[in-house]
Amino acid sequence: MIDEQQQEARERRLQDIKSRAHGHWTSILRALGIDEQILNGKNQPCPLFSECGAPRRPAGGKMTNVDRFQYTDKFGEGNYHCRHCGTGGGLKLAQGVLGIPFPELLDRIERQLGCGNLPSMMASSPSPERMKRLCQRIWQEAKPIVLGDEVDRYLRNRGIVLEKGELLFEGPAEDAVKKLGYDLDEDEDE
Ligand SMILES: [Zn+2]
């Protein structure tokens with residue numbers, strides 16, 4: 001039971017790190033001390049020496065591990081592929097290159113994520129909370145429709161009549177909404 005809970009907590013932590021790190025792996029790996037050379041996107045010797053071995057030339061043979069590795073960050077997960085030891089993401093790459101225990105690696109990545117030195121972090125799209133607050137503000141700033149005002153005239157032109165402070169319209173509400181040019185199918189939040 002305790003094992004299960006620990007397992008679950010570990011899994012949650014890992015998922016949290018992965019989702020927060022998504023799209024930022026190149027800067028994270030750089031900050032962890034991974035050589036810029038490894039991250040340059042070019043074919044090169046695989047840096048995961050425990051899997052692939054360092055580049056070397058066996059006596060009288062051909063050089064091994066010359067250009068089998070490429071860092072691509074293809075899916076925003078710090079992705080790489082190696083023609084010999086396979087594919088992986090930032091976590092595996094960092095662990096393989098730095099050779100540190102996994103828990104220590106997680107600690108270090110969390111510190112990276114927490115200390116805000118990833119410039120574009122979370123700046124791209126507004127959070128759901130922000131959108132909700134914005135909607136609430138718009139709603140609160142809205143004024144009631146008054147008979148004969150601009151909005152009333154606009155609605156009247158579309159066959160929706162304001163009477164005793166209430167909107168009257170013929171037929172189902174859906175029709176009235178459609179008359180206003182809104183597409184009901186599009187947003188079905190909450
Ligand atoms: Zn490899």
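Buried residues account for 14% of the 190 residues in the protein chain, and keep in mind as you look around that this is a predicted model. The chain holds eight helices and five strands. Reading from the N terminus, the elements go α-α-α-β-β-β-α-α-α-α-β-β-α. As for how the chain comes back on itself, take the contacts between residues at least 6 apart in sequence: 46% of them join residues at least 24 apart.

Let's turn to the helices. Two packed helices are described by the angle between their axes and the distance between the axes. Start with α2, which covers residues 25–32, and α4, which covers residues 90–98. These two pack at an angle of about 15 degrees, and their axes are 11 Å apart. Angles under 35 degrees count as roughly parallel, so α2 and α4 are roughly parallel to each other. Their crossing is right-handed. If you want to see who touches whom, pick out W25, I28, L29 and L32 on the α2 side; they meet G90, L93, A94 and L98 of α4. Sorted by class, the residues of this contact come out as seven nonpolar, one polar and no charged.

Now swing over to another pair, α1 (residues 2–21) and α5 (residues 102–114). Here the packing angle is about 40 degrees, with the axes 11 Å apart. That angle makes α1 oblique to α5. The crossing of α1 and α5 is left-handed. On the α1 side the residues to find are R13, I17, R20 and A21, and they meet L106, I109, E110 and L113 in α5. The make-up of the α1 contact with α5 is five nonpolar, no polar and three charged residues.

Next, the strands. Strands of a sheet pair through backbone hydrogen bonds, either parallel or antiparallel. In this model, three strands line up in the order β1-β2-β3 to form an open sheet, and the pairing is antiparallel. The edges are β1 (69–71) and β3 (86–88), each of which pairs on one side only. On average, neighbouring strands of the sheet are turned by 10 degrees against each other, if you ignore direction. Zoom in on β2, residues 80–82: this strand and β3 pair in the antiparallel sense over three bridges. To get the register, look at Y80, which stands opposite G88 in β3.

Finally, a couple of backbone details in the loops. Most residues other than glycine have a negative phi, and most peptide bonds are trans. Which way does phi go at N65? The value for N65 is near 50 degrees, which is positive even though this residue is not a glycine. You'll find N65 in the loop between α3 (49–52) and β1. Is N65 buried or exposed? N65 has 21 other C-beta atoms within 10 Å, and since 20 or more makes a residue buried, N65 is buried.

D73 also has a positive phi, about 50 degrees, and D73 is not a glycine either. This residue sits in the loop between β1 and β2. With 18 C-beta neighbours inside 10 Å, D73 counts as partly exposed.

Methods:
Residues are numbered from 1 along each chain as its sequence is written. This is a predicted model: local features need pLDDT of at least 70, side-chain atom pairs count only at pLDDT 80 or more; totals for chains, interfaces and linings use all residues. Axes are lines fitted to C-alpha atoms, for helices over the stretch in contact, and angles run from 0 to 180 degrees between N-to-C directions. Helices (H or I, at least four residues) and strands (E, at least two) are DSSP runs, numbered from the N terminus. Angles under 35 degrees count as roughly parallel, over 145 as roughly antiparallel, 65 to 115 as roughly perpendicular and the rest as oblique. A crossing is left-handed if the near helix is turned anticlockwise from the far one by less than a right angle, and right-handed if clockwise. Two residues are in contact if their C-beta atoms, placed from the backbone, lie within 7 Å. Ala, Val, Leu, Ile, Met, Phe, Trp, Tyr, Cys and Pro count as nonpolar, Asp, Glu, Lys and Arg as charged, and the others, Gly among them, as polar. Two strands pair if DSSP finds at least two bridges between them. A residue is buried if 20 or more other C-beta atoms lie within 10 Å of its own, exposed if 12 or fewer, and partly exposed in between; C-beta atoms are placed from the backbone.
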